[in-house]
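Please look over the sequence and the three-dimensional structure shown here, taking your time to find the bound ligand and to follow the chain around it.

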Amino acid sequence: MMKRLRIGLIGSGYMGKAHAIAFKAANAVFPLSGELICEMLAEVTSELAEKKAQEFGFCRATGDWRELINDPDIDVVDICAPNYLHKEMALAAIAAGKHVYSEKPLALNSADALVMTEAAEQAGVKTLVGFNYSKNPTVQLAKEIIDSGEIGEVVHFRGTFNEDYLADARVPFSWRLKREFSGAGTLGDMGAHIINMANYLVAPITQVCADLQIVHQQRPMLEDANKIGTVENDDQVHMMVRFANGAIGTLESSRIAWGRKNGLWFEVTGTKGTLIYDQERLSELQLYTASDKSSRQGFRRILVGPEHPDYGHFCVSAGHGLGYNDMKAVEVRDLVEGILADRPMWPDFRAACHVNQVCDAVEQSYQEARWVTL
Ligand code: NAI
């Protein structure tokens, strides 16, 4: 009998939709070890859950996420709810013996992330966290080039993740701006992605020295623009970092950087060359190798194609490009194969917990105006 993996999705906002698209796409794009079934969707009300289940192609709906978690026909609980709910939902899912696929940041802080990680490891359930940018075939190619030694020993990582979705001071207040609901600001939101990327491509971050700032201190409330909400977490952050392998680097993130729409960007410098990646041109990699004869040296642009890992499942022609939702489809393939074929899954709760630990160290470094060792 064909194996099945039945998904219970909690939350149908921005990420809930991205996951739903990826569940449908993964079945078509990849040869999977079993059938992926969109079983149940939970939202804040049963009406919204019914509506979204119909739109996204889920079989059943509920206005109570606990019902979803305790349903015997759910194998994986997929958490796409705001950050402050991740811990409670994940711990309940783990207690019910379910595998957990959670959006990032894993938790509001590293203490909570550790509790979740240890609970999952003790229960022996599988976990995956939505750091989707590392799933891009272009980034996998960057990893392959780095690991093969083509740019020599990595000595420096320069990374940003900047967007402008809160650059306009008139954008209304939301859950993302309150510590109790979001934890850190851009640090935990987009900063977490570039921290995970640096950990993936170079080595674990071991020390940080950071600065952060709230620029727009107050914003109008969504329900009544005459009421004001006070912003409680960072609009912009930057940090110097040191890695376990001796490399150093700088990382920055901003949610108020006008003009940057998906500005996850990095430059990895090695002793024999350099790589540059720009998420706004996500199917291209720039490679400079010092071994080229001096009169021909320069960055060359590699367009990913079917020769590169995972791209060929989407398209047989090189250079036709992928998109944001495709990275989520690769992530979902990893989820299915991790569980049904018992393959290792990354980044799991343990890896995401390290990202939370770096974020906490960044805040501590800022508060105490010093380097912090993890
Ligand atoms: P959103 O606000 O668009 O959607 C959240 C959804 O959760 C809403 O539909 C809301 O009604 C639902 N929800 C809230 N409380 C609930 C409850 N008690 N039960 C059931 N549903 C509930 O937020 P968004 O942007 O989708 O963010 C969700 C998570 O995804 C966050 O942790 C965020 O950090 C992460 N995220 C990840 C991204 C990535 O690139 N991996 C990008 C954007 C967000």
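The paragraphs below go first to the ligand and its surroundings, and then to a few places in the backbone.

Keep in mind from the start that this is a predicted model. Where does the ligand sit in it? The space that the ligand takes up is the largest pocket, and the elements that each give two or more residues to the shell around the ligand are the helices α1 (14-29), α4 (86-95) and α10 (324-340). The shell also draws on two domains, since at least three of its residues come from domain 1 (3-131) and at least three from domain 2 (137-281 + 283-320 + 347-373).

Which residues come nearest to the ligand? Among the 27 residues around the ligand, these are Glu43, Asn83, Lys104, Asn132 and Tyr324. When the residues of the shell are sorted by kind, 14 are nonpolar, eight are polar and five are charged.

Some of the contacts can be followed atom by atom. In the side chain of Tyr324, an N or O atom is 2.6 Å from an oxygen atom of the ligand, while at Met15 a polar atom of the backbone is 2.8 Å from a ligand oxygen atom. Glu103 places a polar side-chain atom 2.9 Å from a nitrogen atom of the ligand. On its own the ligand has 860 Å² of accessible area, and the protein covers 84% of that area.

Now turn to the backbone, with a general rule in mind: most peptide bonds are trans, and most residues other than glycine have a negative phi. Lys104, already met as one of the residues that come nearest to the ligand, is joined to Pro105 by a cis peptide bond with an omega of about -15°, and Pro105 lies in the loop between β5 (99-102) and α5 (110-123). A cis peptide bond also leads from Trp346 to Pro347, with omega near -5°, and Pro347 is found in the loop between α10 and α11 (349-368). Finally, Asp310, although not a glycine, has a positive phi of about 75°, and its place is in the loop between β16 (300-303) and α9 (311-314).

Notes
Residues are numbered from 1 along each chain as its sequence is written. This is a predicted model: local features need pLDDT of at least 70, side-chain atom pairs count only at pLDDT 80 or more; totals for chains, interfaces and linings use all residues. Side-chain values use heavy atoms; hydrogens and water are left out. A residue is near a molecule or strand if one of its heavy atoms lies within 4 Å of it. A polar contact is a pair of N or O atoms within 3.5 Å; within protein, one must be able to donate a hydrogen and the other to accept it, and residues adjacent in sequence count only if both atoms are side-chain atoms. Accessible areas come from the Shrake-Rupley method with a 1.4 Å probe; for residues, only the protein chains shown count as cover. On a 1 Å grid over the protein atoms alone, a cavity is a set of points where a 1.4 Å probe fits but cannot get out, and a pocket is an open set with protein on both sides within 12 Å along at least five of seven lines; lining residues have an atom within 4 Å of a point. A molecule sits in a cavity or pocket if more than half of its atoms lie within 2 Å of its grid points. Helices (H or I, at least four residues) and strands (E, at least two) are DSSP runs, numbered from the N terminus. Ala, Val, Leu, Ile, Met, Phe, Trp, Tyr, Cys and Pro count as nonpolar, Asp, Glu, Lys and Arg as charged, and the others, Gly among them, as polar. Domain bounds come from an automatic or database domain assignment.
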